[in-house]
Amino acid sequence: MRTSLDIIPLNEWLDSIDEPLIISGPCSAESPVQLLSTAKALSKIPNVKIFRAGIWKPRTRPDSFEGVGVVGLQWLQTVKQKTNLRIAVEVANPRHIEECLKYEVDILWIGARTVVSPFSIQEISNVLRGVDIPVMVKNPINPDIKLWLGALERINKSGIKKLVAIHRGFNAFDSAPYRNLPMWEIPIELKRLFPNLSIIVDPSHICGNREYLAEISQKAFDLNMDGLMIESHIDPDKALTDANQQITPLELKQLISNLIIRKEKGSVEFQSKLEELRTKIDDLDNELIKVLAKRMNIVKEIGEYKSDNNITILQLKRWVEIISSRISKGVKQKLNKEFLLKLLQLVHKESIQIQTDIMNQAKSEKRK
Ligand code: PEP
Ligand code: MN
């Protein structure tokens, strides 16, 4: 079931956006001096309109620094008074929201560990009813798009229309070289489902290491995402949380100036050349579909033949032979080896499914 989101676009509530939009600030508020000096340096970068800082930190292991708590909200009020920045804070429960509202926090965000729990999201949504505040929703730590869009829907249903998604990558056993897998196909699918929803990319939590921030930031704009959330700290190596991925405001400025910002559409001439090439792609895709359908019909025929003769579906020797011959042919045509393997595995999986259905059908007919 698909519902749509009732959203006020980002550029309507965030009056002036200097493209690209950057949200920045430390992973955690640590002291009034650390916050204010980071914020003052950031406020000199025109793209930075929103200052982020965590004051309640959801830590995976106990005995880590868990944030300064409510006192950090007073420090953030000072930041707000002394700079032109809006303040964004992570909230994980109704009490956090009440405190943030008391201290006039401008924007709330919900962290990846909270979005995995529909109970928590519902509790948060309930206290947001009747409140006019922008909310940014990170993706859940596991690659489950339904949890992400479910959270967006619950919050939207409680009346929050200034709603934004944040892509911060997905937890995996092996996510090297990153801390979290970007799995760009998931935010792209979210964009397809909700074209009016802005998606901010959080390269800091994807990368886990400042070394990769520039490449992930560029990729975000290459994929037409709407902005970045990047952690910054006046003295990153001394940060109490996420030290490896934080950069100084000066490094952030440099990173922004190296970005190539792409637009969605080009000149009339460009668009017409693009259309011409796309027509070729359309024709080729039609051919691909016809060939696949023909192939699957033969798979069916073989399935019936195997079923009549009690022969196994999986024929290991044949499968190994298919992989090696097709990959060597494809590589000669300059196709990527991993891509070919994935494609063949997908086709093989479908073929096995078709033949399994045939055998199950034959079995149930025999029983009758
Ligand atoms: C954070 O933004 O500091 C944070 C805790 O992020 P995430 O919820 O993405 O892990
Ligand atoms: Mn962090």
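Which residue in β6 does M136 stand opposite? In this predicted model, where local features need pLDDT of at least 70, side-chain atom pairs count only at pLDDT 80 or more, and totals for chains, interfaces and linings use all residues, the partner of M136 is V164. Residues are numbered from 1 along each chain as its sequence is written, chains are lettered from A and ligands numbered from 1 in the order in which they are written, and side-chain values use heavy atoms, with hydrogens and water left out.

It helps to begin with the whole chain. The chain has 14 helices and 8 strands; these are DSSP runs numbered from the N terminus, with helices being H or I runs of at least four residues and strands being E runs of at least two. The C-alpha trace spans about 80 × 55 × 40 Å along its principal axes. Of the 368 residues in the chain, 45% are buried, where buried means under 20% relative accessible area, exposed means over 50%, and partly exposed lies in between (1.4 Å probe, protein chains only). Contacts, defined as heavy atoms within 4.5 Å, often link distant stretches of sequence: among those between residues at least 6 apart, 72% join residues at least 24 apart.

The strands come next. In general, strands of a sheet pair through backbone hydrogen bonds, either parallel or antiparallel. Here 8 strands close into a barrel in the order β1-β2-β3-β4-β5-β6-β7-β8, with parallel pairing; two strands pair if DSSP finds at least two bridges between them. Neighbouring strands of this sheet are turned by 30° against each other on average, direction ignored, with axes being lines fitted to C-alpha atoms (for helices over the stretch in contact) and angles running from 0 to 180 degrees between N-to-C directions.

Strand β5 (residues 135-138) makes a good close-up. Both of its faces are covered, as V135 and V137 on one side and M136 and K138 on the other are all buried. Strand β4 (residues 107-110) pairs with β5 in the parallel sense over 3 bridges, and W109 has M136 as its bridge partner in β5. Strand β6 (residues 163-167) also runs parallel to β5, joined to it by 4 bridges. Within β6, V164 stands opposite M136. The chain passes from β5 through helix α7 (residues 145-157) to β6 in a right-handed β-α-β crossover, a term meaning that, with the strands pointing away from the viewer, the path from the first strand over the helix to the second runs clockwise. V137, in turn, stands opposite A165 in β6.

What about the interior? A nonpolar core is a set of buried Ala, Val, Leu, Ile, Met, Phe, Trp, Tyr and Cys residues joined through side-chain atoms within 4.5 Å. In the largest such core, of 69 residues, F51 and L190 touch the most other members. Helix α7 supplies the largest share of this core, 6 residues. Another core lies apart from it and has 14 residues, including L21, I50, V164 and I166.

Finally, there is a metal site. The manganese ion (ligand 2) has C27 (SG), H205 (NE2), E231 (OE) and D242 (OD) as its protein donors, lying 2.1 to 2.4 Å from it. Donors are N, O and S atoms within 2.8 Å of the metal (3.2 Å for Na, K and Ca), and sites may look incomplete because water is not among the atoms. C27 is buried, with a relative accessible area of 1%, and H205 is buried at 8%.
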